Amino acid sequence: MPTSRKPSGPQRQKRSSKRRIVLLSMVSAMTLVLISVAIFVGIAAATTPKWDPAALDDQKQTSYVYDKDNIQITQLHGLVNRQVVQASKIPDLIKKTFVAVEDKRFYQHFGVDPIRIVGSALNDIRSGSAKEGASTITIQLARNAFIEDPTAKTLTRKIQEAILAIQLEHEYTKDEILTFYLNKIFLGESSFGIQAAAQTYFGKDLGDLKPEEVALLAGLPQAPSQYNPYVHPEAANNRRNIVLGVMRDAGIISANEYTQKKDTPFSYVETMKKNRSGAQKITITETNNKFPYFVNKVVDELETTYNLTDQQIYSGGLRIYTTVDSKIQSAAEAAFADPANFPKGINNTKVEGAMTIIEPSTGAVQAMVGGREYTAGGWNRAWQSKRQPGSTIKPLVVYGPAIEKGGYFPGTVLDDMPVRYGTYTPTDFDTIDKGWKGLITMRYALEDSVNVYAVKLLNLIGVDYGWKFGKDNLGLPLEQGDRNLTLALGTPLVSTLDMASAYGVYANNGVSVTDHTIVKVLDAKGNTLITPKITKNRVMKETTAYIINDMLRSVVTDGTGVSAQIGNWAVAGKTGTTSLDPNKYGNKSGNPDAWFAGYTPNYAGIVWMGYDSDPDGQHYLRNVYGGSYPAQIWKKVMTVALQDLPVQSKFTMPSGIISGSFDTKSGLLPGSLTPSAFIETEIAAQGDFPTRVSDVWMQKDVDADRPNILAAPGSKNTLTKTFLHLPSRDPSWQWPSNEAPYRPPTESAPDPITNLDPTIHTPINEPPVVEPPQGDPTLPSPTLLKVTYNPQTFKALISMTVPSGNEKDPTIFYLQRSGQTAIENFAINASNARSTTITISLAENGKPPIPGEYLFWAAFKNRNGSGVGPPSGSVKLTITD
C-alpha cells in the first residue's frame, strides 16, 4: 500500500527557494507599477491648474467668428444669463433632486467618490479607454471652474479634477459647494445656473417650481442640447420621467406624485415657441448682428456636434472660422428683408420663409436665412423648422431611385388615369380643370409635377426602395411612418438644410459630402480645438445624377420652374406646394407650404415659404406656388452668387449616357404605326433604353363619310385610320385632347348589303348610353329639370336646381352627342342661386349638330378640389331635321 511522505532535506529547501523568487518578483513588479503610477500622478498633479478661488466666478473672453475668406463677421461675448441665488433661496426640493440624480453620495465623500471611481476604472479597463465618468458634483464644479478644456476625456484630466475637488472640499462646506454648482451649471438655451434656467423653461423663480419642473432641470446637465424641450420635446420628456423615477425612489416625491407628474406637457415652452418662436434669450451679446441666422447654426453645430458649452463658445476667446460666403449671405438677407418678395400676410401676421444654400462639392453651407426678422435666440426656420416639402421630394424618393434601380429612363410612359391603392386615391392638382393627361413620359410628369404618375412609379419600384434611397443615400430625416405611397407627394417633414444637402448630391454628380458650417476652431491660445471630419461618399451612379439633372433642367426651361431661369446658366429645379387638409379646411383653396429647390453645378439652394402656424384656420397661402415667390427669391439670391463665375450652360455628361428615338405613348421604340407627332428623342443610361417596339397602336377601317364609325364589313367607301389600343382603360374615362383623335370607335356602320332589305335587318339604333363617372358619393347632386333647343344659335338651355348650401359650388356638365360613345364635359361657374338655367353650345366646328338624341348630366366639383360628386339624373334632347 502506497504511503504519503513530505519532502525533506535539500528537496524541501529547493522548493522554498522557488517560492521566495516568485514572491520577490511579484513584489518588485507591484513596486514598479506603484512607482509608475506615482510618477504619472505626480506629473498630472504638477500640471494641475493653479488653485484660484476667483475662478469660481466668470472669466470671460470674447470669441470671434469669421467668414470663408477669414474676414471677421461677428463677436460673441457677454454670457450674463446667470442669476446668482443664495443658498437660503434654493429650495430643498432642488438640492435633494440634483444630489439624487448627479451624486447620491455627495454628503458622504470628500470630493472624490471611491466607489464610483472603482466602477469607472473597471469599465475603462474593459473598454480599453478612459471615457467612463466618475464625476461627483464637486468634480463637476472643479472641471467647469478650473479646467481649460472640460470636454477632454483623459486620465490626466481626471487626476487634476480629483485634486481640485479635494481642495474645494477643504475650502468650502458641502452646502457652499452645492450652491456654487447650482449657480454655475450650464442647463441649455444659454442659461447658466438654476435660476436662469427656471426662467428660460418655465418663466418662474426657484421657489415656484413644481416637482416635474425641477425634474426637467435636474435632467439637463447630462446633455443640455439633447434634452432641450424647445428642440427635442420627446427626449426631454423621457429624461424628465427618468428623473421623476429617481425622485420617487429617493423618497423626494411619492409614487402617486410620480404617476401624476410624468408626461406633463411643456406648456410654457409651447407658448414661447408659438408667440416668440423659441426661448427668450436676453443674455448673449454680439457687438454686431451680422448674419445672425447663420451664426445661430454655427453655435448649434459647436454645441451638438463638438459638445462645447455656451461658456466655452461665448466666453472662451475662440476663433471660429466658418463656411459662410458673405456676398451670398448678404444677398439672401436682403431678399428676405424686401416685402415685395413675399405675399401680403393675414391679420398683421407675416408670411415667413427660410433659405439654405450649400456648395455641393464641399458640403459647405454658404448662406442661411431662417426668417424675415431675427430675434436673439429665436426660431431658425432654415434648420429647426420641419415642414412637408410637397412635390420637391419627388426627384429624391421617386425619380432618382427609379433611374438608379434600372429599367427606367426619362421616356418611361405611365397612364395618368384614375387609380386606387386600397383606400388611397391620388389625384393631380389640375385634373378637375384640365382633365386627365393620359399616357405621359417621366420627363413630362416631372416637368408638370404630375402626382398620379409619381405615385404609380413609386408603387412600381417599391415604397421601401424609394424610402431607403431618400434616407440612406440622400440623408433625408425620413421616419417609419413615411414608408407609404403618400411619400411620393411629400408628406414627410424636412428642413431647407435637409433638402439642400439632398439636392446637392445630384449637383455633385452623385457624391454626398457632409454638410457643415465650421472650417476650424482655435482656442484662446491659438491651438486648434476643432477640425471637422468631412466625409465624401458616392451614393449613386454618375449616370443617375446626370439624368436627374437633365430632367430637372427641363422643369426650369419648360415646366413649373420657368421663373427661376438665369441667363444661359444650367439651372435645375423643382417646385412644390402642399395641400390644405380637407378635414380641417373643407373646400377651401390654398397651400400651407410653397417650396422651390434649385441648383446649378456650383450651388444648391432651397427656399420655403409659409406661416409658422394656423391657429384660426385662416393663415395659409393663397395663390402662392413654388414657382412664384419662392422661385423668384431663389433667382435673386443665386444671381448674385453666380455673377462673378464663368457661365456653365450644361451639366457635365458622364460616359454611359446614350440617346435615341422612342414612342412617347408607349415608352418603347417607334413602330411602323407610330404617328410622327409621337416620336421624340430621349437619353438613358446604357442598358436602360428600350429594345422592344411600340405595341399601343393599331389600324382599323372607318366609314369614309363618318370617320367616327367603324366601316361595315361589306363597305367599299372606307378609310384606314390609326388608333391607340388601350383595352385596360375604363370606357367611361374621358381621354385627353391629344389622345382623343386616336380613340377607336365602338360603333359600326350598317352593312350596305344586308341593310337594304329591312326584313333582313332592322335599322341601326342609337349607340348605347355611357354613364359619366360616379364620383364622390359623399357629395349631393344637382337636379336637371328640362332641356330646350334653339336651332338659330345651336344652343341647349337646361334648367337646374341645387340643394340648399350648394349654391356657391361650381358644377361639371356632361354631354353625350348623338351617335357617340364618348362623353364630353364642361366646367360651369357657381350659380349662386337655388335655380338657374345653363346654356351649352352643341355646334361642331361652327356647324349645326347632327340630328339625333343628346343626353345631359351634371355634378358638383368636389369641395376639397380633388374630384367631382356623383352625376345627376340625365335629361334628353332630340334634334330632328
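How many of the 7 residues of strand E14 (residues 593-599) are buried? Keep that one in mind while going through the points below; the answer comes in point 1.

1. A quick caveat, then the answer. This is a predicted model. In it, strand E14 is mostly covered, with 7 of its 7 residues buried. Asp593, Trp595, Ala597 and Tyr599 point one way from the strand, while Ala594, Phe596 and Gly598 point the other way. That fits the usual pattern: in a regular strand the side chains alternate between the two faces of the sheet. Here both sets are buried.

2. Next, the partners of E14. On one hand there is strand E13 (residues 572-577), which runs antiparallel to E14 and is joined to it by 6 bridges. If you want a pair to look for on screen, try glycine 573, whose bridge partner in E14 is glycine 598.

3. Strand E15 (residues 604-610) also pairs with E14, again in the antiparallel sense, over 7 bridges. The link from E14 to E15 is a hairpin through 4 residues. Have a look at the tryptophans here: tryptophan 595 stands opposite tryptophan 608 in E15.

4. Now helix H21 (residues 542-558). Does its length come out as expected or not, and what is the span? At 1.5 Å a residue, the 17 residues should span 24 Å, and the end C-alpha atoms are 24 Å apart, so the two agree. The helix is mostly covered too, with 12 of its 17 residues buried. Among the buried ones are Tyr546, Ile547, Ile548, Met551 and Leu552, along with Asn549 and Ser554.

5. Further along the chain sits an open sheet of 3 strands, in the order E20-E21-E24, with antiparallel pairing. E20 and strand E24 (835-841) are the edge strands: each has a single partner strand, so one side of each is left without a neighbour in the sheet. On average, neighbouring strands of this sheet are turned by 20° against each other, ignoring direction.

6. Within that sheet, E20 and E21 pair antiparallel over 6 bridges. One position to check is threonine 783, which stands opposite threonine 801 in E21.

7. Last, proline 791. Where does proline 791 lie? The answer is the loop between strand E20 (783-790) and strand E21 (795-801). Proline 791 counts as partly exposed because its relative accessibility is 47%, and the cut-off for exposed is over 50%. Proline 791 and proline 848 are 57 residues apart in sequence, yet their C-alpha atoms are 8.1 Å apart in space.

Terms used: Residues are numbered from 1 along each chain as its sequence is written. This is a predicted model: local features need pLDDT of at least 70, side-chain atom pairs count only at pLDDT 80 or more; totals for chains, interfaces and linings use all residues. Side-chain values use heavy atoms; hydrogens and water are left out. Helices (H or I, at least four residues) and strands (E, at least two) are DSSP runs, numbered from the N terminus. Buried means under 20% relative accessible area, exposed over 50%, partly exposed in between (1.4 Å probe, protein chains only). Two strands pair if DSSP finds at least two bridges between them. Axes are lines fitted to C-alpha atoms, for helices over the stretch in contact, and angles run from 0 to 180 degrees between N-to-C directions. The expected span of a helix is 1.5 Å times one less than its number of residues.
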